[in-house]
Amino acid sequence: GTPPSSIPWLPVPPVSSPPIVGPLGSALSTRFGARPVAMVGGFLSGLGLFLGAFATHMTHLYLSVGLLAGLGWALVFTPSLGTVGRYFPAQRALVTGLVVSGASVSGLALGPLVPLLLDTYGWRGALLLLAAISFNLVAAGALLRPLPVPGESLGPPQERPGLIRLLRHGPFIRYALAFVLVDAGYYVPFVHGAAHAHEVGCDEHRAGLVMAAMAAVDGGGRVAAGWLAARPATPLLRHLFAWAMLTGLALLLLPLGTSFGGLLALALAYGFCAGAVVPLQFAGVAEVVGTGQLVHAIGLMQMFESFGSLLGAPFAGWLRDMTGNYTISFLAAGAFLLAGSLLILTLPGFFHTSQGAGGKEGSPAPTPNG
């Protein structure tokens with residue numbers, strides 16, 4: 001049979017993978033290096049999509065596309081981002097912005113491509129072609145050349161102590177909790193934006209245009225925020241706080257978009273600010289824990305964030321069912337974002353300029369008490 005409702009979630013992001021995948025990716029990278037882990041992740045992502053093409057039940061799709069391919073994408077994401085952060089310590093925010101902007105580009109490309117593939121080849125053929133694209137991640141992973149960090153070596157003795165130190169690291173725990181709250185609101189407009197557009201009177205074409213515009217400026221926001229944060233005048237954490245606050249405020253204003261023009265303008269503002277948060281979030285990890293723990297910290301961040309991202313959109317949907325519209329849903333999501341932003345104020349490096357992990361030379365991780 002044909003499971004039509006399964007197709008919209010084909011491009012599952014790494015954040016929707018099981019929470020353990022982030023720490024698993026970082027531990028494997030520490031043990032074997034980023035290159036082989038990313039290559040294996042690329043293979044698993046392609047394999048999951050390939051097997052999904054032969055599914056005969058929805059459960060098969062959840063296991064192949066949702067679990068196996070999601071695992072593969074996450075195993076590519078963690079070591080790749082951690083490695084790039086080590087390549088360019090002086091320009092970490094800008095480089096991270098350029099790297100994560102690739103997700104926006106691929107999202108824009110897949111938006112019109114997937115329906116075209118479905119119409120032309122059916123859902124099985126579409127999965128096979130997407131699998132062929134994902135297998136290219138193996139070659140991309142082979143291009144990674146991890147740089148050693150002083151005091152850090154590959155091998156099992158470093159795996160558990162590194163993770164345990166981070167779990168006892170007060171500033172990192174506050175940073176991770178901040179993004180649990182941020183992610184609880186962050187994805188709500190991307191998940192429920194089209195339904196809200198229909199709710200205020202937009203037809204299918206205009207609702208799609210609102211979502212496409214929000215996704216398009218997301219990539220621009222990622223690059224712009226990375227470029228601005230590369231200027232040494234202001235500490236990176238202050239940039240992150242400002243963009244997260246702006247994202248929360250834009251989300252609070254979304255219910256005011258009761259016409260197509262108003263909703264489009266607010267969606268553009270939200271998409272740009274939301275995109276700006278992404279590179280600074282990952283570059284900020286190095287500011288909090290140091291370059292030596294960057295891969296472990298990114299993996300744990302993924303684990304913590306997954307709880308917020310997986311709960312936020314369903315909670316917003318429940319609020320919509322309870323109230324009859326999305327106003328309270330967007331207000332609650334904005335409140336989550338603002339609450340997470342305020343936690344960034346408690347981080348040690350916020351109120352003074354530091355030459356720590358985000359500086360040109362990098363630094364070792366702070367002590368567990370911060």
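How many cavities of 30 Å³ or more does a search of the whole structure find? The count comes to four. The model here is a predicted one, and the cavities make a handy place to start.

The largest cavity takes up a volume of about 60 Å³. Its walls are built from Pro189, Gly193, His196, Val210, Met211, Met214, Leu254, Leu263, Ala267 and Phe330. Sorted by class, that lining comes out as eight nonpolar residues, two polar ones and no charged ones. As for where the lining comes from, at least two residues each are supplied by α7 (188-199), α8 (204-229) and α10 (260-289).

Next up is helix α4, which covers residues 92-142. With 51 residues, a straight helix at 1.5 Å a residue would reach 75 Å, yet the end C-alpha atoms of α4 sit only 21 Å apart. What interrupts the run of α4 is a kink of about 120 degrees, and this kink is centred on Tyr121.

Then there are the cysteines. The structure holds zero disulfides. Two cysteines can still be placed by their accessibility, with buried meaning under 20% relative accessible area. Cys202 counts as buried because its relative accessibility is 6%. Cys273 has a relative accessible area of 10%, so this residue is buried as well.

Key:
Residues numbered from 1 in each chain as written. Predicted model: local features only at pLDDT ≥ 70, side-chain atom pairs only at ≥ 80, totals over all residues. Heavy atoms only, no water. 1 Å grid on protein atoms, 1.4 Å probe; cavity = no way out; pocket = protein on both sides within 12 Å on 5 of 7 lines; lining within 4 Å. Points joined across faces, edges and corners; volume = space filled by probe spheres on them. Helix = DSSP H or I, 4+ residues; strand = E, 2+ residues; numbered from the N terminus. Nonpolar A, V, L, I, M, F, W, Y, C, P; charged D, E, K, R; others polar. Expected span 1.5 Å × (residues − 1). Bend = angle between axes of the 7 residues up to and from the residue. Disulfide = S-S within 2.5 Å. Buried < 20%, exposed > 50% of the residue type's maximum accessible area, 1.4 Å probe, protein only.
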